Amino acid sequence: MLDLFRKRRMWRPTAELKDNYDVVIIGGGSHGLATAYYLARDHGITDVCVLEKAYIGSGAAGRNTTILRSNYKTSEGARFYDASVKLYEGLGAELNYNLLFSQEGHLTLAHTDRAMFVMVERAEVNRLAGIDSRVIGPEEIEGLAPAMAMSRDAVHPVMGALYHPPGGIIRHDAVVWGLARGVDRGGAEIHPYREVTGVERSNGRATGVTLSDGTRVGAGMVVNATAGWSSTIASMAGVELPITTHILQAFVTEPLKPLLDVVIVSSQMHVYISQTDRGEFLIGAEIEPWTTYRQQGTLNFIQEASRHTLELFPQLERARILRSWAGLCDISPDFSPILGDTEVENFLISTGWGTYGFKAAPIVGKTIAERIGTGTTPDLIEPFALERFYRDRLVSELGAAAVSH
Amino acid sequence: MSERLPPNPRERINRARTINFSFDGKDVEAYDGDTIGSALHASGQKVLSRSFKYHRPRGLLCCAGQCPNCLVDVDGSPGVRACTEPVRAGIKVTHMNAKPSLDFDVMRATDLFGKPFTPPGFYYKTFIRPRRLWPLYEKVLRNAAGLGRLAKRQADREWRTEYRRRRADVLVVGGGVAGMAAALRAAELGADVVLMDDGPELGGAMLAGQDADSAKELAESIRAAGVEVLAPAAALGFFDGLVPAWQGNTLHQVRADRHIAATGSIEQPLIFDGNDLPGVMLCSGAERLASLYGVRPGETAVVATTTDRGLESALALQEAGIEVAGVVDARAGDGSEELLGALAAAGISVHRGTGVVKAFGRKHVRGVVVADLDDEGRPDPASKRGIDCDLVAVSGGTMPATSLLLQAGAKARWDEASGSYLPDGVPSDIRVAGAVAGHEPRNCAAKSGAVAGAEAALSLGLGSEEDRARLQADRASLLRETEGPAPAGQARTQDAGSRNGKCFACLCEDVTTKDIDYAIEEGFDSLELLKRYTTVTMGPCQGRMCQLASIRQMSEDTGASIEEVGLTTARPPWSTVPMGVLAGRPFEPAKRSAVHGRHRELGGNVMWAGDWRRAYDYGDVRAETMAVHEGAGLIDVSTLGKLVVSGPEAGAFLNLLYPNRFDNLKPGRIRYGVLGDDAGRITDDGTICRLDENSFYVTTTSSGADAVESWFSWWLAEWKLDVQLTDVSQGLSAFNLAGPRSREILSGLTELDCSNDSFAYLDGKRANVVGVPCLMLRIGFVGELGYELHCPGPLAEHLWDSLLEAGAAHEIRPFGLEPQRILRLQKMHILVGQDTDAESNPLEAAMPWIVKFEKEEDFIGRWALEAVAERGAENKLIGFTIENGTVPTEGAAVVVDGQPVGLVTSSRFSPKLERSIGMAWVPAALAEDGTTITVSDEGRQISAAVQTAPFYDPDQELLRG
Ligand SMILES: Cc1cc2nc3c(=O)[nH]c(=O)nc-3n(C[C@H](O)[C@H](O)[C@H](O)COP(=O)(O)OP(=O)(O)OC[C@H]3O[C@@H](n4cnc5c(N)ncnc54)[C@H](O)[C@@H]3O)c2cc1C
Ligand code: FES
């Protein structure tokens with residue numbers, strides 16, 4: 001509470017850029033900032049700079065729909081995201097910043113037998129991994145989301161749902177700013193409005209980066225944490241990633257009095273719905289099928305997402321849409337992330353986040369920091385190495401990934 | 001209706017007709033033509049809403065639907081702008097964000113006492129510990145937030161809305177003088193023109209002024225010229241050339257070859273302590289109220305301005321019958337001599353070089369404190385003096401309405417001379433006209449519109465040489481006449497001495513200038529960060545009232561130039577719009593088979609299956625299953641996708657698509673096929689019958705019909721083969737007649753020799769059955785002797801009836817999806833999407849025999865399947881049985897040492913075999929007959945025995961017999 005009365009700077013004014021850092025992190029989104037934060041916290045590595053081409057959180061970190069959950073389909077994924085959600089649970093207190101983490105539960109609806117089947121499968125894998133996740137029927141769903149229309153005679157009847165009580169939503173900007181403050185206090189530097197245009201190499205190792213204004217920054221280690229843009233940065237280092245970049249869109253309504261506490265996801269209707277603490281309904285869909293770096297939304301998305309939302313919440317027909325936007329998603333072939341080393345030494349990557357990387361920020365930061373600090377790859381991210389694509393060792397979230405955030 | 005002014009010729013109301021509606025339960029009388037806002041104001045209800053955070057009373061500000069101040073709920077629709085919504089008899093209007101009432105709101109406490117606790121982003125800094133109490137705090141926060149209230153529950157959509165699509169040569173957005181002139185000129189040159197405007201009447205800024213009559217004339221002439229006018233229709237955004245607009249129950253979607261943005265400009269408020277009190281209105285708002293609705297905005301006005309607009313406004317208000325107690329002009333020297341002279345003549349005193357530092361009053365303005373401003377625009381405390389008034393008409397200059405242009409890819413350039421952001425780098429298919437282009441005065445705007453209209457039409461190849469010449473001349477004279485808006489004075493006249501002032505930069509979100517200072521000092525020193533942290537510009541006004549103010553302040557605070565501070569991204573929709581409008585007409589695409597009515601008559605439990613409605617069963621799953629085994633059964637499989645692939649290269653085409661061969665299939669014979677993608681993953685399956693040398697009849701799964709059709713078309717286009725593809729899915733019906741007695745039944749209905757010798761397993765024959773031309777496929781998805789009869793949809797009912805009638809003697813039963821699932825499971829016939837997922841390939845899905853690596857040509861997925869063959873199967877799809885009758889849930893895990901290693905994909909109790917059977921994915925090592933696997937089903941551990949051959953008739957004797 002005391003903090004409220006003291007007007008304190010969140011972070012120091014941007015410093016002069018030095019010639020060289022132990023670690024240069026490209027991308028001031030949630031992953032880049034988390035990596036810098038854990039480097040200092042866990043390994044005392046503070047000669048670190050985060051280079052961001054616009055303002056912090058200008059990428060997907062500031063555009064996502066903030067769903068946190070760990071009920072993934074593969075056991076590798078479930079274990080990894082579970083570790084991340086656990087870190088998030090303690091992160092607000094650790095950063096002394098309220099991240100508005102609303103753990104009110106997450107429901108993935110099933111509208112067909114086939115979908116029920118996938119839910120059962122996921123619940124079982126999750127249960128065996130110690131994750132709170134189970135299949136529930138219409139009555140229980142009604143109790144959790146009383147505002148939802150559950151009429152059975154519809155193209156998409158609500159037959160059941162995968163219920164994940166620890167899932168929920170968080171405030172994305174708070175995560176970005178809380179982490180940025182943590183990074184700043186830990187001693188590392190954040191440089192907004194600095195665009196990387198080249199990665200320098202010598203003898204198969206990354207040695208630094210060049211910026212759009214020609215500045216050169218030397219680095220002992222370069223981390224590519226640019227999510228939607230990661231394949232462009234990787235190719236600067238001569239690393240080809242099996243990543244395609246697509247847009248994902250979302251919109252919010254004008255603030256309304258509380259109607260919905262839980263997060264509702266319907267893969268078949270390609271829509272997911274939550275209500276923020278401000279009262280806005282936050283609605284998203286699946287990625288657009290074409291690849292692009294142009295963050296421009298479509299009318300079709302707003303129309304389709306509205307139509308499907310109204311199948312579940314007809315009373316929202318009078319709710320007004322306030323703002324819509326698009327962000328980039330880096331999609332990998334198996335819908336699982338790619339993390340850690342590449343064939344270029346000292347050039348690490350965090351990519352392949354698809355539509356669900358925000359929830360991974362703390363664990364990415366912690367494990368990449370551990371990789372840098374100790375020189376060894378943590379077990380948790382072993383399965384997600386880039387190498388898996390050369391060895392056909394995929395970690396497939398495909399079956400469950402149509403709309404997953 | 002005491003607050004009405006004497007009638008004036010411009011007013012929109014009909015004083016002869018009154019209409020009644022209710023506000024918060026009280027009866028309100030209005031005139032026909034009133035808006036809810038004008039009627040309420042006239043009735044003395046000056047407070048229309050409570051603000052978002054501090055619950056401060058708010059009243060009419062812009063009277064043009066551009067601010068958050070008049071949001072009300074109308075018959076259950078929240079967020080309606082009272083000032084633009086026409087009154088209708090009997091509507092129930094209620095306020096939104098106040099408890100217990102608009103006049104007495106307990107939450108106002110946050111304003112009076114809580115202010116130090118609620119700086120921007122206060123919620124990020126509080127309630128952090130202890131974590132377990134956060135859900136409680138959160139509830140409180142959530143309940144305090146939000147404005148509108150919707151039904152807790154609603155069974156269905158109630159509002160019928162429509163889409164309307166329109167193509168046009170030229171779309172003009174904005175129906176002010178510039179937009180109308182543009183539309184007129186383009187239409188005169190022969191263009192098909194659509195014009196949209198968010199007001200009910202064309203004329204824009206002219207309507208409330210002296211030129212109202214000429215606006216009406218112009219509006220008539222554009223209609224006469226054939227322009228389609230959409231009004232009131234708010235343009236919502238620019239989506240790569242597609243412009244949606246909301247009008248009543250309709251969402252127009254207009255696609256035009258040329259666009260003209262004539263969106264005008266938005267008058268900006270001023271910033272001083274108490275600038276949000278009811279009674280503080282934009283000059284244009286006060287004028288609109290007076291002239292369009294004959295409502296007295298106040299008794300005594302003080303006009304505060306930074307430009308000549310205020311001077312004009314003071315004259316207009318006085319003429320309308322409002323006493324003007326003085327004009328407070330922030331500019332010391334500038335100002336039109338002509339206007340100043342007119343003001344002097346009218347006896348209105350002008351305080352030059354002064355600003356309002358405070359508006360006072362509790363729920364309404366009672367007066368203002370003004371002070372002299374120094375060179376920097378700071379008020380001099382010693383010069384403070386009060387003026388009594390109940391209306392403060394403010395004008396802080398204008399902001400061109402560039403949002404649509406920015407969405408279309410234009411940039412905004414800061415124009416120091418006029419003190420506004422003007423559009424720049426506008427895409428070539430868009431023209432800009434009128435105030436949004438900085439072409440302000442009326443004549444200039446009209447010319448600017450005519451030029452834009454001519455340019456648009458001429459660029460489409462319309463018009464003559466003469467028209468071109470005229471355009472040149474108009475352009476030249478426009479250049480001469482163009483005068484940008486005159487430079488504006490200081491818009492923020494905050495009393496530097498007082499720290500307690502409530503100067504609102506953003507009304508929607510209750511953000512004060514102090515909040516902005518605070519946030520910038522904290523380090524949120526770029527506009528995008530400031531916006532996200534304080535939420536300034538993120539409310540319902542979409543930045544119309546607050547963007548410029550926050551940019552100016554950021555520039556002052558950080559020392560960055562206004563140009564450097566820049567604008568925030570313009571995001572659609574430009575005006576808020578209900579989801580029901582965007583969703584269009586509610587529809588549930590449902591496909592029904594040609595004999596759908598029969599299923600209902602027969603007592604079928606009809607359920608959704610994808611887009612289809614299908615009979616799940618006819619009441620007795622067990623009896624239906626046994627009928628197929630013992631007598632005969634009939635199932636409607638019209639949902640199957642059906643394609644005819646024909647042409648000299650049809651066989652080669654299928655060879656490339658499928659992993660097995662089709663070129664060597666004999667005419668009249670059938671082969672099973674599995675489709676895969678480039679990664680070798682199974683995407684669909686079905687049977688393929690060669691009809692003759694050049695044509696094949698391909699069936700697909702029900703749910704995959706559309707996808708297979710596109711997949712085939714896509715590859716056909718890629719490979720450019722001599723093949724025609726005809727999708728006959730919708731035209732043909734199909735029934736599967738199955739069971740030991742099906743041959744007898746069929747024989748009685750057709751001349752065709754149905755004996756096993758002449759119509760063998762996997763034969764496909766064409767013949768008439770009860771006079772209905774059929775393609776008959778002898779296949780056995782359900783595992784008994786059977787015939788799939790495909791026939792034209794219109795004749796299907798006759799065939800269905802005849803089969804049941806003839807089958808009656810053989811104890812035939814119609815059977816539904818569920819019995820079919822049991823029957824096919826007994827045969828281990830996979831269901832794509834059930835037993836396979838996006839990861840399954842045929843080699844591992846128990847169908848290695850179907851992949852013909854020895855085929856010389858490439859086929860889709862070959863490379864990937866070869867890789868799988870090389871590494872060997874890791875997982876396999878197998879069958880299993882459970883003796884004790886337990887049926888594990890489909891989706892349950894197969895575990896080894898408590899870890900999931902596979903899953904159950906299908907499971908049923910088989911009444912015929914009297915045990916539980918199922919299929920599961922297991923690691924290859926466990927895929928041996930007789931191996932015991934463990935299934936974990938919601939914690940229960942179940943043992944099952946692996947079986948790799950079909951559970952029923954493994955040697956196909958029944959099928960072949
Ligand atoms: C609409 C939408 C909804 C989503 N919903 C969810 C959800 O509900 N739950 C969830 O977990 N995830 C969700 N995601 C995904 C999630 O937001 C991303 O996976 C995640 O934020 C990516 O990590 P990041 O925060 O580090 O990326 P970003 O925030 O994109 O960070 C990358 C940064 O790199 C910067 N950059 C790029 N190129 C350069 C360069 N050359 N030089 C310097 N800097 C550069 C960018 O400006 C950017 O700031 C959603 C994404 C979108 C778009
Ligand atoms: S007064 Fe109605 S929107 Fe401004």
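The following legends describe close-up views of a predicted model.

**Figure 1. Overall form of chain A in the predicted model.** Chain A contains 8 helices and 18 strands. Its C-alpha atoms occupy a box of roughly 65 × 55 × 40 Å along the principal axes. A compact globule of 405 residues would have a radius of gyration near 22 Å, and the 21 Å of chain A agrees with this. Of the 405 residues, 62% are classed as buried. Among contacts in chain A with a separation of 6 or more, 77% join residues 24 or more positions apart.

**Figure 2. The two domains of chain A and their contact.** Domain 1 comprises 16–67 + 172–242 + 333–400, and domain 2 comprises 103–167 + 245–331. Their C-alpha centres are separated by 29 Å. Domain 1 of chain A supplies 17 residues to the contact, and domain 2 of chain A supplies 17 residues. On the side of domain 1 that touches domain 2, 5 residues are nonpolar, 11 are polar and 1 is charged.

**Figure 3. Surroundings of ligand 1.** The ligand is surrounded by 41 residues, of which the closest are G27(A), G29(A), G59(A), G327(A) and G357(A). Two or more residues of the shell come from each of α1 (30–43), β12 (244–253) and β16 (320–331) of chain A. By class, the shell holds 17 nonpolar, 19 polar and 5 charged residues. Domain 1 and domain 2 of chain A each contribute at least three residues to this shell.

**Figure 4. Environment of V135(A) in strand β5 of chain A.** Strand β5 covers residues 134–136. V135(A) has 22 C-beta neighbours inside 10 Å and therefore counts as buried. Apart from neighbours within four places in sequence, V135(A) contacts M119(A), V120(A), A123(A), G160(A) and L162(A). L299(A), by contrast, lies 164 residues from V135(A) in sequence and 35 Å from it in space, C-alpha to C-alpha.

**Figure 5. Helix α5 of chain B.** The helix runs over residues 177–188; at 1.5 Å a residue its 12 residues should span 16 Å, and the end C-alpha atoms are indeed 16 Å apart. Helix α5(B) is mostly covered, with 12 of its 12 residues buried. Those buried include R185(B) and E188(B) as well as V177(B), M180(B) and L184(B). Just after the helix, G190(B) adopts a positive phi of about 100°.

**Figure 6. Packing of helix α19 of chain B.** In this helix (residues 621–630), the buried residues are V621(B), E624(B), T625(B), A627(B), V628(B) and H629(B). They pack against β32 (632–636), β38 (732–738), β42 (812–814) and α24 (817–826) of chain B.

**Figure 7. Cis peptide bonds in loops of chain B.** The bond from A231(B) to P232(B) is cis, with omega near -5°. P232(B) belongs to the loop between β10 (228–230) and β11 (234–235). The bond joining P572(B) and P573(B) is also cis, with omega about -5°. P573(B) belongs to the loop between α16 (562–565) and β29 (577–578).

**Figure 8. Positive phi at D510(B) and Q956(B).** D510(B), a residue other than glycine, has phi near 55° and sits in the loop between β27 (504–506) and β28 (511–512) of chain B. This residue is buried, with 27 other C-beta atoms within 10 Å. Q956(B), likewise not a glycine, has a positive phi of about 65° and is placed in the loop between β48 (940–947) and α26 (957–960) of chain B. With 13 other C-beta atoms within 10 Å, Q956(B) is partly exposed.

Note on methods:
Residues numbered from 1 in each chain as written. Chains lettered and ligands numbered in written order. Predicted model: local features only at pLDDT ≥ 70, side-chain atom pairs only at ≥ 80, totals over all residues. Near = placed C-beta within 6 Å. Helix = DSSP H or I, 4+ residues; strand = E, 2+ residues; numbered from the N terminus. Nonpolar A, V, L, I, M, F, W, Y, C, P; charged D, E, K, R; others polar. Domains from an automatic or database assignment. Rg over C-alpha atoms; globule rule 2.2 N^0.38 Å. Buried ≥ 20, exposed ≤ 12 C-beta atoms within 10 Å, placed from the backbone. Contact = placed C-beta atoms within 7 Å. Expected span 1.5 Å × (residues − 1).
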